[in-house]
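Open the model in your viewer and keep the selection tool at hand. The stops below go from one residue to a pocket and then to helix packing.

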Amino acid sequence: MSIDTTALNRTMTHFDRHHSLWLFGYGSLIWKADFPFIERRPAWITGWARRFWQGSHDHRGTPEAPGRVATLVRESGAICHGMAYRIAPATLAQLDAREKNGYLRERVPVYFTATEHDEGLIYLATADNAAFLGAAPLAVMAAQIAGAHGPSGSNRDYLLNLAEALAQQGAADEHVSALAALLQPA
Ligand code: BEZ
């Protein structure tokens with residue numbers, strides 16, 4: 001089952017009157033920027049850990065056989081590396097539609113260097129959304145990812161593209177690397 005979060009996200013009007021805002025991508029947004037943006041910069045956020053705990057019924061799986069995609073969970077001291085995009089507020093409508101299966105807008109500080117940060121936004125899927133799957137042993141998650149396919153392609157490609165993009169940024173993520181290692185060789 002899935003709940004469309006588009007309408008709920010429209011009620012988050014914080015950035016509506018801004019000229020631009022930073023969107024922090026930690027999943028497919030890192031390597032699949034199919035939306036207009038003004039500039040992009042490698043960045044990180046703190047206190048959040050990336051986890052393959054969100055079910056995907058609409059992109060990398062189906063309602064009958066959901067895939068597993070990234071969300072963030074609060075973890076004291078954690079650092080999550082990703083890519084920040086400076087976008088116009090109007091672009092959020094397109095992103096709300098793309099991430100409608102349980103992801104809600106959330107404001108976070110986004111860090112670019114040790115001395116430079118700005119307010120930004122993430123799309124977050126929390127444990128109370130209908131598509132949330134939560135934790136499972138790594139081997140179980142890897143097996144689910146290996147077998148899932150959806151309208152946006154295979155769940156395997158999603159994971160391996162993310163692992164590759166993070167490696168190119170020099171941004172190690174143990175959770176992603178461990179899952180990717182279990183999927184290799186293809
Ligand atoms: C991300 O890359 O940040 C992202 C992608 C899809 C849904 C939510 C977040």
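Which residues does I79 touch, not counting residues up to four places away in sequence? Select I79 and then W44, I45, T46 and W48, which are the residues it touches outside that window; contact means heavy atoms within 4.5 Å. I79 lies in strand β3. Helices (H or I, at least four residues) and strands (E, at least two) are DSSP runs, numbered from the N terminus. Draw a distance between the C-alpha atoms of I79 and T46: the separation is 4.6 Å, with the two positions 33 residues apart along the chain.

Before going on, note that this is a predicted model, in which local features need pLDDT of at least 70 and side-chain atom pairs count only at pLDDT 80 or more, while totals for chains, interfaces and linings use all residues. Residues are numbered from 1 along each chain as its sequence is written, and side-chain values use heavy atoms, with hydrogens and water left out.

**The largest pocket**

Keep I79 selected and add A49, R51, D173 and E174. The largest pocket has a volume of about 160 Å³, and of its 13 lining residues these five, A49, R51, I79, D173 and E174, are the closest to its centre. A pocket here is an open set of points on a 1 Å grid over the protein atoms alone, where a 1.4 Å probe fits, with protein on both sides within 12 Å along at least five of seven lines; lining residues have an atom within 4 Å of a point. The volume is the space filled by probe spheres set on the points, which are joined across faces, edges and corners.

Next colour β2 (39-56), β3 (67-87) and α6 (174-183), each of which supplies at least two lining residues. β3 gives the most, with 5 residues. By type, the lining has 6 nonpolar, 2 polar and 5 charged residues (Ala, Val, Leu, Ile, Met, Phe, Trp, Tyr, Cys and Pro count as nonpolar, Asp, Glu, Lys and Arg as charged, and the others, Gly among them, as polar).

**From α6 to α5**

Stay on α6 and show α5. Their axes are 10 Å apart and pack at about 125° (axes are lines fitted to C-alpha atoms, for helices over the stretch in contact, and angles run from 0 to 180 degrees between N-to-C directions). That angle makes α5 oblique to α6. Select R156, L159, L160, L162, A163 and L166 in α5, which meet V176, L179, A180 and L183 in α6. This contact has 9 nonpolar residues, no polar and 1 charged.

**From α6 to α4**

Now swap α5 for α4. α4 and α6 pack at about 60°, with axes 9 Å apart. The contact joins L138, A139, M141, A142, I145 and A146 of α4 to H175, A178, L179, L182 and L183 of α6.

**From α4 to α5**

Last, show α4 (residues 138-147) with α5 (residues 155-169), whose axes come within 6 Å and cross at roughly 115°. Select Q144, I145 and A146 of α4 and N155, R156 and L159 of α5 for the contact.

How values were computed:
Angles under 35 degrees count as roughly parallel, over 145 as roughly antiparallel, 65 to 115 as roughly perpendicular and the rest as oblique.
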